[in-house]
Amino acid sequence: MPAGKPAGIRCIHLTETNLCAIFDHPDRPKVCADFKADDYVCGNSRDEALILITELEQLT
Ligand code: SF4
């Protein structure tokens with residue numbers, strides 16, 4: 001996504017099973033490689049993650 005990925009927009013590299021299609025590829029953005037999953041951002045499920053990320057987006 002050359003112009004970046006706005007919050008709330010599904011990444012074009014996300015597969016139907018919610019995995020990264022370019023996980024081991026050198027084109028994977030550095031910000032993705034640097035991200036470390038944590039409970040306060042990701043929760044324990046996809047649904048929890050969406051709630052938490054939406055709250056963080058509204059607060060920042
Ligand atoms: S890790 Fe990055 S490139 Fe891969 S699906 Fe997630 S946002 Fe997209």
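**Exercise 1.** In this predicted model, work out which residues lie nearest the centre of the largest pocket, and which elements give two or more residues to its lining.

*Solution.* Begin with the lining as a whole: 31 residues line the largest pocket, and those nearest its centre are Lys5, Cys11, Leu14, Cys32 and Ile53. Next, turn to the elements, where two or more lining residues come from each of α1 (30–34), α2 (39–42) and α3 (46–59). Of these, α3 provides the largest share, with 6 residues. Then sort the lining by class, which gives 20 nonpolar, 5 polar and 6 charged residues. Finally, add the volume of the largest pocket, which is about 1,500 Å³.

**Exercise 2.** Find where the ligand sits, and describe which residues are around the ligand.

*Solution.* The place to look is the largest pocket, since that is where the ligand sits. Now list the surrounding residues, which are Cys11, His13, Leu14, Cys20, Ile22, Arg28, Pro29 and Cys32. Sorting this shell by class yields 6 nonpolar residues, 1 polar residue and 1 charged residue.

**Exercise 3.** Decide whether Asn18 is buried, partly exposed or exposed, and describe its phi angle.

*Solution.* First locate the residue: Asn18 belongs to the segment before α1. For the accessibility, recall that buried means under 20% and exposed means over 50%, with partly exposed in between. Because the relative accessibility of Asn18 is 35%, this residue counts as partly exposed. For the backbone, recall that most residues other than glycine have a negative phi. Asn18, although not a glycine, has a positive phi, near 60°.

Notes
Residues numbered from 1 in each chain as written. Predicted model: local features only at pLDDT ≥ 70, side-chain atom pairs only at ≥ 80, totals over all residues. Heavy atoms only, no water. Near = heavy atom within 4 Å. 1 Å grid on protein atoms, 1.4 Å probe; cavity = no way out; pocket = protein on both sides within 12 Å on 5 of 7 lines; lining within 4 Å. Sits in = over half its atoms within 2 Å of the grid points. Nonpolar A, V, L, I, M, F, W, Y, C, P; charged D, E, K, R; others polar. Points joined across faces, edges and corners; volume = space filled by probe spheres on them. Helix = DSSP H or I, 4+ residues; strand = E, 2+ residues; numbered from the N terminus. Buried < 20%, exposed > 50% of the residue type's maximum accessible area, 1.4 Å probe, protein only.
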